[in-house]
Amino acid sequence: MSEPDGIDVGEAAGFIDPVSMEEDPAELFAGDAGTLDAEVRRVLVQLLRRKFLLAEKNPAHWRTLLENQQIIESRMHDLFVRLVVDHDRGVAYKQQVRSVEMDVPILLKDDPYNRAETLVLVHLRTVFQRERGTGETSARVDIEELEQTVLTYFDPHDHNLARRQQEVRNAVPRLVTEGLLAEESAGRYRITPLVEVVLSTEKLAELDQWLRDQNEVTA
């Protein structure tokens, strides 16, 4: 039986010639002009969306970051954002590039900690530093102990104890979300090394002195 003129047998049967892997379309979506693999893009997005990328919580993303650090760093530099990778602590985070020599558009907005969150951080950093100083590999706090200690930092003339207690308890979920605290059991938390990144020794000393000054003023 003869074939119809101009029609290939394979085409008529619904087959097309195979395309080599090198010629596969690289687009991840219609009109995609990007050059990064999907996993690398996901890590880049996570770094831009979140304050920290933790090796402990996201080992797959951490490996992808280390394997592609140079290109990810380059993409972030294009946005005037600096990438910091702390291998010892297993944490990566970003910093806004600022310069007095050129006009740098600000991409990252400051999301400062409120008073209660800052006071909780001071206590966590102090406990972490103390435990590490004694040779302990980890530091933990209970919510009751955390609350009682942090309440002493507030104005002693403010007698609205219930409000201050609630402020302290409201501070904890954000610190858990950001990875500074890890809940091990109900009301008991492990302090992560991230607290050293958020509060350097110099910053801790500065805040500690500020608290002492405040207490002297209100005494």
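Over how many bridges do β4 and strand β6 pair, and in which sense? They pair in the antiparallel sense over 4 bridges, with β6 covering residues 188-191. Please keep in mind as we go that this is a predicted model.

Let's stay with this pair of strands for a moment. If you would like a landmark, look for Val141, which stands opposite Tyr189 in β6. The two strands belong to an open sheet of 3 strands, arranged in the order β4-β6-β5 with antiparallel pairing. β4 (139-142) and β5 (181-185) stand at the edges with a single partner strand each, so one side of each has no neighbour in the sheet. From one strand to the next, the twist averages 35 degrees.

Now bring the helices into view. Helix α5 lies across β4, β5 and β6, and runs at about 140 degrees to β4. Helix α6 (residues 143-151) also packs on the sheet, where it touches β4 and β6. The direction of α6 makes about 80 degrees with that of β4.

From the sheet, α5 leads us on to another helix. A packed pair of helices is described by the angle between the axes and the distance between them. For α5 (residues 115-133) and α7 (residues 161-177), the angle is about 70 degrees and the axes are 8 Å apart. An angle of 65 to 115 degrees counts as roughly perpendicular, and α5 and α7 are therefore described that way. On the α5 side, the residues that meet α7 are Ala116, Glu117, Val120, Leu121 and Leu124. Their counterparts in α7 are Glu167, Val168, Ala171, Arg174 and Leu175. Sorted by class, this contact has 7 nonpolar and 3 charged residues, with no polar ones.

Next, turn to β2 and β3, which pair in the antiparallel sense over 6 bridges. Together they form a hairpin with 4 residues between the strands, and Gly90 in the turn has a positive phi of about 65 degrees. Across the hairpin, Val85 stands opposite Ala92 in β3. Strand β2 (residues 81-86) is mostly covered, with 5 of its 6 residues buried.

β3 also takes part in our last stop, the structure's 1 aromatic pair. Phe52 and Tyr93 meet edge-to-face, at 6.1 Å centre to centre and with 70 degrees between the planes. Phe52 sits in strand β1 (residues 52-54) and Tyr93 in strand β3 (residues 91-96), so the pair ties together parts that are 41 residues apart in sequence. Both Phe52 and Tyr93 are buried.

Notes: Residues numbered from 1 in each chain as written. Predicted model: local features only at pLDDT ≥ 70, side-chain atom pairs only at ≥ 80, totals over all residues. Heavy atoms only, no water. Phe/Tyr/Trp six-rings, centres within 6.5 Å; stacked < 30°, edge-to-face > 60°. Buried < 20%, exposed > 50% of the residue type's maximum accessible area, 1.4 Å probe, protein only. Axes fitted to C-alpha atoms, helices over the stretch in contact; angles between N-to-C directions. Parallel < 35°, antiparallel > 145°, perpendicular 65-115°, else oblique. Contact = heavy atoms within 4.5 Å. Nonpolar A, V, L, I, M, F, W, Y, C, P; charged D, E, K, R; others polar. Pairing = 2+ DSSP bridges.
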